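I opened the model today to look up its sheets. My notes follow the order in which I checked things.

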Amino acid sequence: MNVFKNIQISFIMGLWNMVRRAPVLVVVCGILLAVACGVSSALWLHLDSDQDNLISHELPFQKRNLDQIRNFGDQEYMFVVIRTGGTDSGRDKAAQFATVLASRLEKRPDLVREVHYAMSPREMGPGVLMFASPDELREFVKLAQDFGPLGREWFKEPGLAGFLNITAGLLGGKYGNGGADPEMFGPVMGALGSFVGDMESALEQGPDAAAKGGPVLGLDKAGIHYFFTRSGKLLIMRILPKKDFGAMDVIGPSLKFVRESLDQVRQEFPEVEAGLTGRPVLSADEMHTTDKDMTLAAIISAVAVGLLFMIILHGWLRPMLVMVSLFCAMAWTFGFTLVTLGSLNLLSIVFALVLVGIGVDFGIHIVMRYVEGTAAGLTPDDAVKEALIHTGPGVLLGGITSVCAFYAVLGQDFVGLAELGLVGGTGIIFCLIAMLTVLPAMLLIAGRRDMFPSSHPRMATMPFMEKIVSRPVPVLLAVVLLSALAYPGLQKVGFNYNLLELQAKGLESVEYEHVLINESDESTWFAVMTSPDLAGVRRLTAELKKIPSVGRIESILDYLPEGQKEKAEILRGEARVLAGIDFKQSGLHTIEPHKVQLALANLIESLEGLEEKLFSAGARKELDQVSAIVDKAEKCIDMIEENPAVTLNLAPLQSGLVTELSDSFRWLKEILEVRSVTPDNLPEQLRSMYVGKDGRYMIKVSPVDNVWDFDKLTGFVADLRRVDPDVTGVPVVVHESSLLMRETFLEAAGLTVILVSLILFLTSFSISYVIMALLPLVAGIFWLLEVMGFTGLSFNLANFFAVPILIAIGVDGGVHFLARWKELTEGERLYHTSTPVAVGLSFCTTMIGFGGLLLAHHRGLASLGGIMVTGSATCLVGCMVVLPAVFRLIEKIKGK
């Protein structure tokens with residue numbers, strides 16, 4: 001017997017002596033500690049749901065990403081995608097939809113930080129004219145020269161009547177061409193119709209019926225540019241939500257508010273199709289889906305495992321004692337996490353499900369050996385002692401191999417996985433402690449008080465399996481033949497990096513992410529390059545435009561117009577056309593009924609002249625629009641004639657008109673005075689998007705292809721790195737973290753095999769022992785890969801961690817079979833003992849523990865459930881068929 005065996009036995013005997021002397025104290029201490037850990041964890045253990053913290057901040061790509069976020073702020077947007085149908089009317093409806101939705105969202109700045117769906121000239125800043133071409137600028141200057149004298153005339157006595165007279169003169173051709181530009185006809189008539197409609201409402205219903213205090217003509221919206229995609233089929237709204245990384249649903253309140261607002265606007269515009277997507281929305285939906293799926297899986301697992309225990313163990317008390325021990329271990333694990341890490345991350349939070357699937361196995365072996373002992377006539381004390389002495393070493397060895405699978409990822413740069421390894425591995429250690437102390441103590445207390453049912457478990461042995469393994473050569477040949485026939489499936493196994501394909505089907509966020517990919521040049525992912533100066537921005541932009549995989553390029557250059565010197569010459573001195581206007585005039589001038597009537601009559605006369613021209617041109621739609629304004633104006637005249645006093649109701653409307661026109665003429669003068677546009681004099685909302693706190697400039701680079709496809713993502717990142725090795729942003733982070741996760745998984749799997757093999761060898765100092773202990777695992781993984789190939793189940797970033805777990809449980813079964821086989825006396829058969837039932841039950845609990853995930857809507861979790869159930873089943877077959885057949889073959893060779 002080697003030193004490791006001596007240590008194992010001494011440790012087990014020490015535990016037995018402690019349990020035998022004070023079983024009640026052991027149970028009470030274990031439960032009290034569990035309660036203390038549970039309560040303290042509920043009070044102080046929090047969730048860190050920041051995905052950036054899943055990766056080591058010391059990695060170069062992650063360091064660059066975090067520096068960029070700190071420098072330029074969070075720019076991870078939600079996207080509202082509004083379909084237009086590609087028609088003018090569809091685009092108009094989409095613009096109205098976006099405007100109404102934005103007005104709702106802007107009411108809650110505590111939940112929605114920014115909303116971007118359009119840009120008005122005013123939002124471009126005072127240098128907006130610099131974005132016009134020289135010819136457009138000359139036309140604008142000419143228009144300003146025409147309107148300058150009108151402004152001076154009106155501001156001498158600003159009022160409603162004067163505005164109507166000037167409008168009538170413009171429409172009638174008294175001033176220039178009357179603004180007859182066809183492109184401006186719709187907006188001008190729309191604003192005029194709305195204004196005259198407000199007059200009608202005020203005269204008829206009172207001053208409060210008009211748009212008091214709000215836009216009268218909506219001049220601040222003139223020339224607004226909506227963010228349509230290049231094809232014009234989609235209108236994109238970008239929404240920056242408030243984030244709380246202390247909650248599982250980081251954007252939960254914001255997302256709920258945005259979706260409620262979106263639903264309300266959909267009801268107002270039932271003909272408009274719109275949906276919400278974007279990386280934060282996809283992450284939130286994934287978190288919500290996985291949370292529901294994990295909760296459902298945990299409930300199903302707990303109930304199913306409990307029922308299985310009750311059926312196999314015949315009664316409720318034995319299963320309950322195992323589950324109480326498991327819950328103690330889980331509570332201790334929560335306490336350990338609180339003390340060591342202080343928080344759970346998005347990966348380590350799943351450790352509870354892992355413990356249900358693995359930790360409970362240790363208790364099964366103890367209970368089954370205890371039942372076997374009592375059935376043989378042993379006293380409760382002797383039965384517990386025998387269970388600990390004979391099963392304890394195997395449980396310890398199986399537990400250590402399971403711990404290796406989790407501790408193999410410690411120290412990895414994938415911090416989320418490393419923390420899962422620490423929490424999960426330590427949780428298994430606590431499960432070992434609980435199953436070797438608290439469970440035996442409770443078995444001892446219940447056994448001494450004769451609390452167990454007199455009947456024995458329904459399945460304590462499996463003698464029927466002896467008939468199957470009694471002919472080992474045919475069994476092993478059949479296994480080899482079937483494995484060879486299924487070998488083509490092994491060659492089909494692949495790794496799927498596409499994170500979008502892990503999401504649940506039918507989610508709106510997933511559907512509209514596909515819409516963006518397939519129907520637009522927009523992307524919810526963008527890479528980031530930076531430059532300390534504008535020359536660098538221009539150089540990088542020029543190089544990026546040559547790359548086929550690059551789509552949209554955004555930078556501050558989009559807001560720095562070309563040819564500013566020439567345009568400044570055109571504007572030189574033009575602000576003088578507005579000289580002498582007193583913008584401080586108020587709208588408190590008396591409204592005289594007869595002047596308003598006369599002004600309305602002049603307006604009607606000009607509109608009627610316009611009607612004749614439209615009728616001759618056959619412009620039916622425009623004719624109807626003008627006729628509607630004439631009707632409203634005539635009603636206004638009739639109401640004033642009937643009761644001149646109602647004209648006072650127009651005072652608020654006049655006040656708003658004066659205020660709006662004053663602001664507009666002041667803005668006109670300001671933009672005519674601008675000589676250049678630089679980053680320093682851009683509006684802050686624009687500057688903050690592209691200029692960092694350290695003065696560096698950001699360049700956003702969107703892909704032209706679907707970068708959810710990992711091959712295209714790899715090509716895109718490689719192309720960008722040829723331009724700038726320090727490029728960062730979501731595509732780079734996702735690409736690097738995906739590769740890092742895969743490498744971590746592979747390293748963990750390899751290291752687990754090495755550690756497990758080493759531990760098995762140090763325990764036995766026998767190569768044959770190591771080979772036989774690993775045989776069920778090797779066979780099970782081989783068959784798992786074949787089944788995956790034929791069923792189309794691929795490894796992905798959600799299920800690959802199943803491999804180290806399968807290594808642990810596969811070895812665990814082999815260890816227990818080997819230990820019991822070596823204990824067999826002359827003529828005794830393995831399947832006449834309780835060990836196969838215990839091992840089979842252990843595999844079944846793992847299958848049940850993860851089997852609940854097969855019902856998950858999240859395809860990544862469902863695939864994890866599929867691999868764990870299939871892998872557990874194949875390892876079970878390897879353990880229950882292949883290994884016993886090898887035992888029998890060895891016995892025959894030795895002549896037993």
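In which sense do strands β10 and β12 pair, and over how many bridges? I note that this is a predicted model. I find β10 (residues 527–531) and β12 (residues 697–703) antiparallel, with five bridges between them. Ala-527 faces Val-701 of β12. Helix α19 (residues 534–544) packs on this sheet and touches β10, β11 and β12. Its direction makes about 10° with that of β12.

Next I traced the whole sheet. It is open, has four strands in the order β11-β12-β10-β13, and pairs antiparallel. β11 (550–554) and β13 (728–729) are at the edges with a single partner strand each, so one side of each has no neighbour in the sheet.

Then I checked a charged residue in β12, Lys-700. Is Lys-700 in a salt bridge or without one? I find Lys-700 buried and without a salt bridge. The nearest side chain of opposite charge is Glu-554, 5.0 Å away; a salt bridge would need 4 Å or less. The Lys-700 side chain does make a polar contact of 2.5 Å with that of Gln-75. Lys-700 also touches other residues, including Phe-526, Arg-552 and Tyr-690.

Last, I looked at another open sheet of four strands, ordered β3-β6-β2-β7 and antiparallel. Its edges are β3 (112–116) and β7 (274–277), each with a single partner strand, so each has one side without a neighbour in the sheet. Neighbouring strands here are turned by 20° on average, direction ignored. I count four bridges between β2 (residues 78–83) and β7. Ile-82 stands opposite Ala-274. Helix α18 (residues 508–519) touches β2, β6 and β7, at about 100° to β7.

Conventions:
Residues are numbered from 1 along each chain as its sequence is written. This is a predicted model: local features need pLDDT of at least 70, side-chain atom pairs count only at pLDDT 80 or more; totals for chains, interfaces and linings use all residues. Side-chain values use heavy atoms; hydrogens and water are left out. Two strands pair if DSSP finds at least two bridges between them. Helices (H or I, at least four residues) and strands (E, at least two) are DSSP runs, numbered from the N terminus. Contact means heavy atoms within 4.5 Å. Axes are lines fitted to C-alpha atoms, for helices over the stretch in contact, and angles run from 0 to 180 degrees between N-to-C directions. Buried means under 20% relative accessible area, exposed over 50%, partly exposed in between (1.4 Å probe, protein chains only). Lys and Arg count as positive and Asp and Glu as negative; His and the chain ends are not counted. A polar contact is a pair of N or O atoms within 3.5 Å; within protein, one must be able to donate a hydrogen and the other to accept it, and residues adjacent in sequence count only if both atoms are side-chain atoms. Lists of a residue's contacts leave out its neighbours within four places in sequence.
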